[in-house]
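Please brief me on the charged pairs, helices and annotated spans of this protein. Keep it short and grouped by topic.

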Amino acid sequence: MQVNSEQIPVTESDSDPTAEATRHAGAGTSSTVAAGVGQRNGDAEKAAALRRMKSVALALLIVMAVVFTAAFALQRQYPWLEYVRAAAEGGMVGALADWFAVTALFKYPMGLKIPHTAIIPRRKDQIGASLGEFVETNFLSEQVVQEKLASVDLARKAGKWLASPGGPERIAKEGSALIRGAFTVLNDDDVQAVIEGMVRKHLLTPPWGPPVGRMAERIFAEGHHHKLVDLLVDRAADWVEANHSTVNRLVSDRSPLWVPSFVDDIVGDRVYNEIAKFVRAVQQDPDHQVRQSIDTYLGDLAQDLQHDPAMIARAEAIKTQVLGDPEVRELASRTWGTIKDALLTAVDDPDSELTQRFKSAVRDFGSRLVNDDELAGKVNAWIGDAAGYLVKTYRSDIAGVITDTVARWDAEETSQKIELQVGKDLQYIRINGTVVGSLAGLAIFTLAHLVFG
C-alpha cells in the first residue's frame with residue numbers, strides 16, 4: 001500500500017461510544033483521519049463501507065439504550081417490560097464489550113492506556129515478524145512450491161504460447177531490444193580487450209607443438225591424410241601431362257651449348273617419359289614407396305611436434321610470427337566488429353535470415369514442449385528444482401521483506417491500514433455482540449425469574 005498526502009475519511013468514533021452518539025445524532029458527519037494513510041484503488045469504497053458498518057453498530061447501541069431507558073422507566077407499570085429491559089441491558093453490555101474488543105485492536109479505547117489494548121500499534125514489529133515467519137514456514141516451502149508448479153504444468157503452457165502466432169514475434173522483438181540495449185551499454189574497447197585476453201589465454205599461451213602433434217598423429221594413424229596425398233599426386237600428374245614442352249625446354253636450357261638440338265629433344269622426351277611414368281606409378285599404386293615415405297615423414301613430424309624440443313620451438317616461432325601483438329589486436333577488433341554489425345543488422349530487420357531462423361526455432365521448441373511428454377517433464381522438473389533451490393536458499397530473505405516493510409511503517413499508520421482492510425468485517429462483531437447480548441440477557445432474566453420468582 002502506497003502512502004500519499006490524501007485523506008481517507010474513516011470515523012474515529014470507536015474511541016468513545018458517547019462521543020460517537022453525539023456526533024451521529026448531531027450533524028451526522030464523520031471526522032477524517034490525518035494524512036499518512038495511503039489510498040489504493042478501492043480504498044475510498046472500503047472507507048465508506050467501514051463508516052456505514054460503524055453507523056449500523058452505533059445505531060443498534062443507541063436503540064438498545066433508548067429501549068432500556070423506556071423499559072426501565074415503565075417496568076413498574078407494565079411488568080412485562082422487565083423482559084424488554086433485560087434484553088436491552090444485555091444488548092448494551094454485549095455492544096459495549098465488543099466495541100471495546102474491536103477498538104482495543106487498533107487504538108486505546110477513549111484514549112485510556114488500558115493494559116493489553118492498542119495491540120496492533122504496540123506490537124507492530126512483532127506482528128510483522130510473526131507474519132513473515134508464517135509466510136516463510138507455510139508458503140515459502142520447497143515442497144509447497146514444487147507441488148504447485150507441478151500442478152500448473154508451466155512447460156506446456158509456455159509451449160502453447162511459444163507455438164502461437166504471436167509468441168515467437170514477441171520473443172524476437174524483446175530479444176532485439178535486449179541486444180540493442182546491450183550493445184549500447186557495452187564499450188567496444190572493453191569487449192575487444194576481453195576477446196584479446198581470451199585469444200591470448202586459450203590460443204597463444206598454450207604451446208602449439210604437442211596438441212598439433214597429437215591431433216596430426218590421430219589423423220595420420222587413421223589414414224585421413226591419404227585423400228590429400230591423392231589430390232597432390234593427381235595434380236602433379238595433370239601438370240606433367242600438360243607440360244611436355246616445359247620439360248623439354250628445361251633439359252635444353254641446362255645442356256651444354258655444343259650438344260646438338262636433336263639430342264636435347266631426345267633427352268627431353270626421355271626425361272619427360274620417365275617423369276610421367278614415375279608419377280603414374282605413384283598415382284596408381286597405393287603402397288608405392290613414395291607414399292610410404294610420405295607416411296613415414298608425416299608420422300615422424302607428428303612425433304617431433306610432441307617430443308622434440310627443437311621442433312616444438314620452431315612451432316612456437318611460427319605461432320609468434322603468425323599471431324604477434326598487432327595481429328591479435330586486429331583479430332579481436334575484426335571479430336567484435338563483425339559480430340556486432342551482423343547482430344545489429346539482423347535484429348533491425350524482422351525479415352532477416354537470423355530473425356526468421358530464431359522465430360522458427362522458438363516455434364519448434366514450443367511445439368515440442370506441447371507434444372513431447374519427456375521434454376515437458378524435464379522442463380517442469382528443471383523449473384521445480386530451480387524454484388525449490390531459490391526458495392530454500394532465499395526464503396528467509398523473501399520473508400524478511402515483510403518483516404522489514406512492517407517495521408518501517410509508522411505504528412498509527414499501520415493500525416489505520418489494517419483497520420481499513422478488515423475493519424468492516426470486524427464491525428459485525430459489534431452487531432453480533434448486540435444481538436447475542438440481548439438474547440443472552442433475556443434468557444438469563446427469564447431463567448432467573450422462573451427459578452426465583
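How many salt bridges does the count come to? The count comes to 15 salt bridges. The model is predicted, so every value below is computed from it. Three of the pairs are described first, followed by single residues, one bent helix and the annotated spans.

**Salt bridge K54–E419**

- K54 pairs with E419, and their closest N and O atoms are 3.1 Å apart.
- K54 sits in helix 2 (residues 43–74) and E419 in helix 19 (residues 411–452), so this salt bridge ties together parts that are 365 residues apart in sequence.
- Are K54 and E419 buried or exposed? Both are buried.
- A network of salt bridges links K54, K107 and E419.

**Salt bridge D230–R291**

- D230 and R291 form a salt bridge, with the closest N and O atoms 2.6 Å apart.
- D230 belongs to helix 11 (residues 226–242) and R291 to helix 14 (residues 289–307), so the pair ties together parts that are 61 residues apart in sequence.
- D230 counts as partly exposed because its relative accessibility is 27%, and the lower limit for that class is 20%.
- R291 counts as buried because its relative accessibility is 10%, and buried means under 20%.
- Leaving out residues up to four places away in sequence, R291 touches V229, D230, V233, V282, Q283, D285 and P286.

**Salt bridge R368–D372**

- R368 forms a salt bridge with D372, and the closest N and O atoms are 3.8 Å apart.
- R368 is partly exposed, at a relative accessible area of 47%.
- D372 also counts as partly exposed, at 27% relative accessibility.
- D372 has a further role in the model: D372 caps the N-terminal end of helix 18. A side-chain oxygen of D372 lies 3.0 Å from the backbone nitrogen of E374.

**Helix 18**

- Where does helix 18 (residues 373–408) bend? The bend is at Y394, by about 70 degrees.
- The buried residues of helix 18 are L375, A376, V379, N380, G384, A387, G388, V391, A399, G400 and V406.
- Residues three or four places apart in an α-helix point the same way, because there are 3.6 residues a turn.
- Which helices do the buried residues of helix 18 pack against? They pack against helix 5 (124–138), helix 6 (142–152), helix 7 (154–163) and helix 17.

**Loop residue P350**

- P350 lies in the loop between helix 16 (325–348) and helix 17 (353–371).
- P350 is partly exposed, and its relative accessible area is 48%.
- Setting aside neighbours within four places in sequence, P350 is in contact with T355, Q356 and K359.
- P350 and K417 are 67 residues apart along the chain. Their C-alpha atoms are separated by 50 Å.

**Annotated spans**

- An unreviewed UniProt entry carries the annotation "transmembrane region" for residues 56–74, 86–106 and 431–452.
- Residues 56–74 are 100% helix and 0% strand in the model. The end C-alpha atoms of this span lie 27 Å apart.
- Residues 86–106 are 100% helix and 0% strand. The end C-alpha atoms of this span are 31 Å apart.

Methods:
Residues are numbered from 1 along each chain as its sequence is written. This is a predicted model: local features need pLDDT of at least 70, side-chain atom pairs count only at pLDDT 80 or more; totals for chains, interfaces and linings use all residues. Side-chain values use heavy atoms; hydrogens and water are left out. A salt bridge is a side-chain nitrogen of Lys or Arg within 4 Å of a carboxyl oxygen of Asp or Glu. Helices (H or I, at least four residues) and strands (E, at least two) are DSSP runs, numbered from the N terminus. Buried means under 20% relative accessible area, exposed over 50%, partly exposed in between (1.4 Å probe, protein chains only). Contact means heavy atoms within 4.5 Å. The bend at a residue is the angle between axes fitted to the seven residues ending there and the seven starting there. A polar contact is a pair of N or O atoms within 3.5 Å; within protein, one must be able to donate a hydrogen and the other to accept it, and residues adjacent in sequence count only if both atoms are side-chain atoms. UniProt positions are given in the numbering used here, feature names are shortened, and annotations may be inferred rather than shown by experiment.
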